[in-house]
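User: Could you take a close look at one part of this protein for me, and describe the surroundings of a single loop residue together with the helix that comes before it?

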Amino acid sequence: MIWGIFKRDMCHATRNVIAVIVSMGLVVVPALYAWFNIAASWDPYGNTKALKVAVANNDKGYKSDLIPVRVNVGETIIGTLHANDQLDWQFVNSDKAIDGVKSGEYYAAIVIPKGFSADMMTLFSPDIKHAQLKYYLNEKINPIAPHITDQGATTVVNTIDKTFAKTIAQVGLDLASSILHYSQSPQMAEYMRNLNGNLTTMADTLSGASQQVTSYSQLLGSANDIVDSTGKLLASATKAGKQARNALKQGKSGATSFTSAGANVTSSVNTALDQVSGAFDQVAAKVNKAFDAIGKDSDTAASQLTTLSEQVSSSESLYDTYITSLNHMHESVEQLPDSDSAKQALLEAIDREITLLEAAKGDSQKLAQQLKDASTQVTQDTAAAERSRKEILNRITSAKQSISNVRDDYATNVKPKIDALASTVSTLISQTDSMITQLSGTADDLDDVTGDVGTNVTSIRSTLGAIAKKLDSSAATVKELITKLETGGNAGDGNSDGGDGDNDASSSDSGESDELRALATANASTLSTLISAPVALHRVSVYPIANYGSAMAPFYTILSIWVGAIILCAMLKVTISNREKAHVLGLGDTLPRVAGPSGPGNASRWGLRLDHEYFGRYAIFALLALLQGTLVCLGDMYFLGVQANHALQFLAVGWLAALVFSNIVYTLTVSFGDIGKAVAVVLLVMQVAGSGGTFPIETLPKFFQMLYPFLPFPHAIDAMHAAMAGSYGNEYLLDMVYLALFLIPSLLLGLVLRKPVIRLNNWVSRNLESTKVM
């Protein structure tokens, strides 16, 4: 019965030219559907050079204050894109680029802002800014174009990053290489000698400055000693001198610098010398008083002269102290650098002051001796005593003149020289806080104004000592640099110095120099490329696919086979008329009236069962579906050149898919009529979205991931992929089995489950036909 139905169907399909053409069309149309789609997507990412992308460069460049070299990354990008053919780059201004994206002339636009280079160079500053490209994208033109242009923009960004890193690295390596080669040249050797000489001079200057500051500190100490000596001289010369020293101490406070200390010393010295001169006036008065008493009380006069002699004689040690302090100052000044213009003048002034003090000391000694001699003469010879009186008064006058000379010379020569010398340390000199407010007119009321000077001078000397240590440390650092430069120079000479004198440090330096030399002499381009992209991606293709068209071929091929099955059911009848049943049964042109109206299973009493009708009519569907599958698969392989490592397996997937899909669509149509055709279309739409043929199933919504195993498309596509590129284990066979299993529910529906709804379908069909529209 099945064979009879199939033979009559084949005769009807080949009865005339129109039928043959239609049959051929039913076979060819699905293949054309697949081939057009595969050919159109053969290499879409290889033809992106036709996509227009605008590029606008507004970069103003960057120029460093440290390195006067202009950097313009925007120009570098433009130059790179001129050599890039991934996209159709259009180099325009920013306004035209943005307007072109809006109008659809360009798919996208990249605008390089004004401060792009400046932002990139912040890599070498504490305040780092990310350099940003402005990317404008028209997403309504095409759904795929944005992703392609995104890839192009990403490529530009990656190229910028790599080019920037490579350029920086290559410049650094080239510079290191140039420095290394230049360091071995005679000019570099001369420069190194000059550098060492300059550094040596610098170290000597720092050391000299340290010594100068130390000398200033010692000079302050000497000045302090002079102040103390002056106080002692006043105290020993007369009781009034001691009171004057106390007054000086009370009137002096807050001296915090060398300049103010020098001023206080000058004031103290002038006051002390004035008091000494006044003391000599008192001595003269007492001498006159003693000589006047000779005639009345010679013993008392002799005693007074003896006392005066001892008092004057006791001041000789204080002159020595004063002279010793000046000698100490002289030694301190001698330690100053010879380059100091005030040094020699101050030395001469100090020497002159010492000479005058020695002269004053001599006058005091002679005065003491004359007073002593006079004390013995007053009891012996009155005339001789009168001569002694004149000599003593003349000696007092001479001593006063000596003191006056000391004071004048100090004010004229020493004081200005000290002030001139102190001006070289102006950062350590400050204004005095107070001045002497009161000086008593008599020696009995004179206080010491020098009390606080020593404390302030000590503080200044501590500060100067710290500065001297800093200068010494800087000098040591410069000397250490000189030593390292000399060591590096020797290391650069190779083994010229040889011998057993090399220590571990020099060996290490030599090793580092060799490593630096090896790095600098290497290929700078290769090293810079490695630094800019330290990780290279080595692609290892597992089951490689030749091109994008081959990768998409399984999806479009399986889809076209399903479309072909729908076309067959749309063009061919799935039910058998009573006339055809009668011819198959040999009953003429019509069935007996007892068969009733035309419908499935109405000829079962004569032996034509429902399953005979099902398989008999399905046979031509299966034949045409196999022809469709064969044509589309052969065309894929031999017309389009789709990759198929296992051609027979590839064909077998097409054959099995054709049988399964045609049976499913045929069964739905037989069982539910036109509604079954609509269900077949719905299944087609669902499988286009949830088959995993275009996007990985894991990227789809949860609903499709759950539906995925219960659709035939994914298994057919996976089986075809395995046939094209190779199978892992039994992957191919399992997918073929899973695909074949869909025949079970289809046959169950077509042979068993559709029986209860046959009358309902017949009623629906009659009502639809009665509308004269459907």
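What follows is one connected account, moving from the whole chain to the residue and then to the helix.

Analyst: The model is a predicted one, and its protein chain is made up of 26 helices and 7 strands. Of the 774 residues in the protein chain, 42% are buried. Among the contacts in the chain with a separation of 6 or more, 79% are between residues 24 or more positions apart.

The residue to look at is Gln643, which is found in the loop between helix H19 (610-640) and helix H20 (647-672). Is Gln643 buried or exposed? Its relative accessibility is 14%, and because buried means under 20% relative accessible area, Gln643 counts as buried. Leaving aside residues up to four places away in sequence, Gln643 touches Pro544, Ile545 and Ala546, as well as Ser550, Met724 and Ala725. Two of these neighbours also appear in polar contacts: the side chain of Gln643 reaches the backbone oxygen of Pro544 at 3.0 Å, while a polar atom of that side chain lies 2.6 Å from the backbone nitrogen of Ala546.

Turning to the helix before the loop, H19 packs against helix H17 (residues 548-571), with the two axes 10 Å apart and at an angle of about 150 degrees. Angles over 145 degrees count as roughly antiparallel, and H17 and H19 are therefore roughly antiparallel to each other. The crossing in which H17 passes H19 is right-handed. On the H17 side, the residues that meet H19 are Thr557, Ser560, Ile561, Gly564, Ala565, Leu568 and Cys569, and their counterparts in H19 are Phe621, Leu624, Ala625, Gln628, Gly629, Val632, Cys633 and Asp636. Sorted by class, this contact of H17 with H19 holds 9 nonpolar, 5 polar and 1 charged residues.

H19 also meets helix H25 (residues 743-753), where the axes come within 9 Å and cross at roughly 130 degrees, an arrangement that makes H19 oblique to H25. Here H19 contributes Leu610, Asp611, Tyr614 and Phe615, whereas H25 contributes Ser746, Leu747, Gly750 and Leu751. The residues of the contact of H19 with H25 divide into 5 nonpolar, 2 polar and 1 charged.

Taken together, Gln643 is a buried residue in the loop between H19 and H20, with side-chain polar contacts to the backbone of Pro544 and of Ala546, and H19 itself is roughly antiparallel to H17 and oblique to H25.

Notes
Residues are numbered from 1 along each chain as its sequence is written. This is a predicted model: local features need pLDDT of at least 70, side-chain atom pairs count only at pLDDT 80 or more; totals for chains, interfaces and linings use all residues. Side-chain values use heavy atoms; hydrogens and water are left out. Helices (H or I, at least four residues) and strands (E, at least two) are DSSP runs, numbered from the N terminus. Buried means under 20% relative accessible area, exposed over 50%, partly exposed in between (1.4 Å probe, protein chains only). A polar contact is a pair of N or O atoms within 3.5 Å; within protein, one must be able to donate a hydrogen and the other to accept it, and residues adjacent in sequence count only if both atoms are side-chain atoms. Contact means heavy atoms within 4.5 Å. Axes are lines fitted to C-alpha atoms, for helices over the stretch in contact, and angles run from 0 to 180 degrees between N-to-C directions. Angles under 35 degrees count as roughly parallel, over 145 as roughly antiparallel, 65 to 115 as roughly perpendicular and the rest as oblique. A crossing is left-handed if the near helix is turned anticlockwise from the far one by less than a right angle, and right-handed if clockwise. Ala, Val, Leu, Ile, Met, Phe, Trp, Tyr, Cys and Pro count as nonpolar, Asp, Glu, Lys and Arg as charged, and the others, Gly among them, as polar.
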